[in-house]
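Q: Got a minute to walk me through a fold? I'd like to start with contacts, so tell me how you define one.

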Amino acid sequence: MKILKFPNDKLRIKSDSLNYKEIRNIKFKKIKNCLLKSKGLAISAPQVGINKRFFIMDINSNLLLCINPVIIFKSSIRFISKEGCLSIPNYFSYINRSKYLLLGFFDSKGNYLELFFKNYFSSCVQHEIDHLNGILILDRT
Ligand SMILES: [Zn+2]
């Protein structure tokens, strides 16, 4: 599994939601291994050429899979986050992001969950959701 690099056109597509059949069939384990190998902190489906709405995030060495994620709440309190991207090697950007957010999503068994994120993890979720909408850190600078 290869990570697509900027300026690949596939990184610019707005991804579609997954239905139950797709949730069952996608090889999430392969993408998890790809994230572990890359030593990145998160990876979105479009980055491995799948234009579907999910991402995987490393939270203190636990990999969290978020399918069809929706931001339920985003704080007006903001902070400046320093971000890199697996699709744009050797580039960093300082981006103004919400400090807190509440995310709704489905897991690989189709259960709906809600999780609260703050600081670095909040910016990471916003970065990954940007990928699902075809937005890169280059656009946020
Ligand atoms: Zn990225």
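A: Two residues are in contact if their C-beta atoms, placed from the backbone, lie within 7 Å. With that cut-off, I43 touches I31, C34, L35, S38, V48, F55, I56 and L86, leaving out residues up to four places away in sequence.

Q: Before I go on, what kind of model is this, and which pLDDT cut-offs apply?

A: This is a predicted model: local features need pLDDT of at least 70 and side-chain atom pairs count only at pLDDT 80 or more, while totals for chains, interfaces and linings use all residues. Residues are numbered from 1 along each chain as its sequence is written.

Q: OK. How many helices and strands are there?

A: The protein has 4 helices and 7 strands. Helices (H or I, at least four residues) and strands (E, at least two) are DSSP runs, numbered from the N terminus. Along the sequence the pattern reads α-α-β-β-β-β-β-β-β-α-α.

Q: Why do you call it as compact as a globular protein of that length?

A: Its radius of gyration is 14 Å, close to the 14 Å that the globule rule gives for 141 residues, so the protein is as compact as a globular protein of that length. The radius is taken over C-alpha atoms, and the rule is 2.2 Å times the number of residues to the power 0.38. The C-alpha trace spans about 40 × 30 × 30 Å along its principal axes.

Q: And what share of contacts is long-range, say at least 24 apart?

A: Among contacts between residues at least 6 apart in sequence, 64% join residues at least 24 apart.

Q: Back to I43. Which residues touch the most other members of the largest nonpolar core?

A: I43, F55, I56 and C66 do, out of the 23 residues in that core. At least two core residues come from each of α2 (28–38), β1 (42–44), β2 (54–59), β3 (62–74), β6 (100–106) and α3 (119–132). By nonpolar core I mean a set of buried Ala, Val, Leu, Ile, Met, Phe, Trp, Tyr and Cys residues joined through C-beta atoms within 7 Å. Buried means 20 or more other C-beta atoms within 10 Å of the residue's own, exposed means 12 or fewer, and partly exposed is in between, with C-beta atoms placed from the backbone.

Q: So what fraction of the protein is buried?

A: Buried residues make up 29% of the 141 residues.

Q: Now the sheet. What's the strand order?

A: An open sheet of 5 strands runs β1-β2-β3-β6-β7, with antiparallel pairing. β1 and β7 (112–118) are at the edges with a single partner strand each, so one side of each has no neighbour in the sheet. On average, neighbouring strands are turned by 40° against each other, direction ignored. Two strands count as paired if DSSP finds at least two bridges between them.

Q: How many bridges join the strands, pair by pair?

A: β1 and β2 pair over 3 bridges, β2 and β3 over 6, and β3 and β6 over 5. I43 has I56 in β2 as its bridge partner, M57 is matched with L64 in β3, and V70 stands opposite G104 in β6.

Q: What's in the turn between β2 and β3?

A: The two strands form a hairpin with 2 residues between them, and N60 in the turn has a positive phi of about 50°.

Q: Where does α3 sit?

A: α3 packs on the sheet, touching β1, β2, β3, β6 and β7, and its direction makes about 125° with that of β7. Axes here are lines fitted to C-alpha atoms, for helices over the stretch in contact, and angles run from 0 to 180 degrees between N-to-C directions.

Q: Is α3 enclosed or exposed?

A: Largely enclosed by the rest of the structure, because 10 of its 14 residues are buried. Among them are F121, C124, V125 and L132, but also Q126, H127 and E128.

Q: Any odd backbone geometry I should look at?

A: The peptide bond from F6 to P7 is cis, with omega near 5°, and P7 is in the segment before α1 (20–25). N90, in strand β5 (residues 88–98), has a positive phi near 60°. N119, in helix α3, has a positive phi near 50°.

Q: Are those two Asn residues buried or exposed?

A: N90 counts as exposed because it has 5 C-beta neighbours inside 10 Å. N119 also counts as exposed, with 12.
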